Amino acid sequence: MKAALAALALVVLAACARAAPEKRDIHLLTSLPLLFGEQFSLETEAPPIVAHLERRFRLTAVDLPSQLPPNATLLMVQPRALPAEELVALDRWVRSGGRLLLLADPRLEWPSERPLGDPLRPPPMFPDTGLLAHWGLTLDLPDAPGPAERGGVRYISPGALIAANRQCAVTTQTVARCRLGSGRAIVVADADWLSRDLAGTAFDANAAQLDSLIDSLAR
C-alpha cells in the first residue's frame, strides 16, 4: 500500500513539473530600489510589481549593458547616466538580437529617502545622452504633472515620445516600438507606473501591460 501511494505521489509530482512552464530569464538594470531597497537591505519589502515579475521570470540584476549575454531580454528602468562606451555596447547588443524594454521617465516622481545630489538617488529625469536620438526618438516632458490614463494604464506625469524615422512607431504618445537591426526595443515614457502605491484594478492593469510589453519582445 505504501509503495503504491509513493508511486502515485511521484506521478503527481512529475505531472505538476510538466505542467509548470519554465521561467524565462529577464535581466534588470535600474536606479530604482526595486530589488534591494535604498539601503541595499534584503529585508526591505519589494514593490508588488517585483513579486509579480518573479512569479513569471528569473530576474538577474546587472550594472552595465556590457554584462549582458547575447539575445537576452533586458528590463531597463530609469537607469543612471551611462558612459559612452556602455551606450555603444547597449546599442550594439540590441542590434545584434537583444530585446530591451526601457522605461525612460522625463519627470520621475518615485519617492526617495536620499537627499538631492546624492549619486545613488534615482535621476529625476531620464539621463539621455544621445541614445534615443540615435534611434530617432525624442522624449518630451509632460504637459502637466499628475496621473494620466492612456490605453487603460495609469501613468504618473508621463512624457511624450516622438519618432523621427521608421525605426520606431509611437502609440498613445507614451510607448514607442522600435526594430533595430536584429533586435527590438520598446521605450515607455514613464517609470512611476511600477510604483508600490498601486493597488486593486490599477495594479492589475499595469501589471498586465508590463507582461504584454515583455511578451511582445519575444515575438
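At 14% relative accessibility, arginine 114 falls in the buried class, and in this predicted model its side chain meets that of aspartate 118 in a salt bridge, with 3.5 Å from N to O. This pair belongs to a set of seven salt bridges found in a search of the whole structure.

Other salt bridges involve the strands of the sheet. Arginine 24 forms one with aspartate 215, their closest N and O atoms lying 3.1 Å apart, and this pair links distant parts of the chain, since arginine 24 sits in strand β1 and aspartate 215 in helix α5 (residues 200–217), 191 residues apart. Both partners are partly exposed, aspartate 215 with a relative accessible area of 22% and arginine 24 with 30%. Through shared partners, salt bridges join Arg24, Arg56, Asp211 and Asp215 into one network.

Strand β1 (residues 24–30) pairs with β2 in the parallel sense over five bridges, and histidine 27 has threonine 60 in β2 as its bridge partner. A salt bridge also connects these two strands, between aspartate 25 in β1 and arginine 58 in β2, 33 residues apart, with the closest N and O atoms at 2.8 Å.

These strands belong to an open sheet of seven, ordered β2-β1-β3-β4-β11-β10-β9 with mixed pairing, in which β2 (57–61) and β9 (168–171) are the edge strands and the twist averages 20° from one strand to the next. Helix α2 (residues 48–56) lies across β1, β2 and β3 (73–77), running at about 120° to β2, while helix α3 (residues 84–95) packs on the sheet, touching β3, β4, β10 and β11, its direction making about 140° with that of β3.

Key
Residues numbered from 1 in each chain as written. Predicted model: local features only at pLDDT ≥ 70, side-chain atom pairs only at ≥ 80, totals over all residues. Heavy atoms only, no water. Pairing = 2+ DSSP bridges. Helix = DSSP H or I, 4+ residues; strand = E, 2+ residues; numbered from the N terminus. Axes fitted to C-alpha atoms, helices over the stretch in contact; angles between N-to-C directions. Contact = heavy atoms within 4.5 Å. Salt bridge = Lys/Arg side-chain N within 4 Å of Asp/Glu carboxyl O. Buried < 20%, exposed > 50% of the residue type's maximum accessible area, 1.4 Å probe, protein only.
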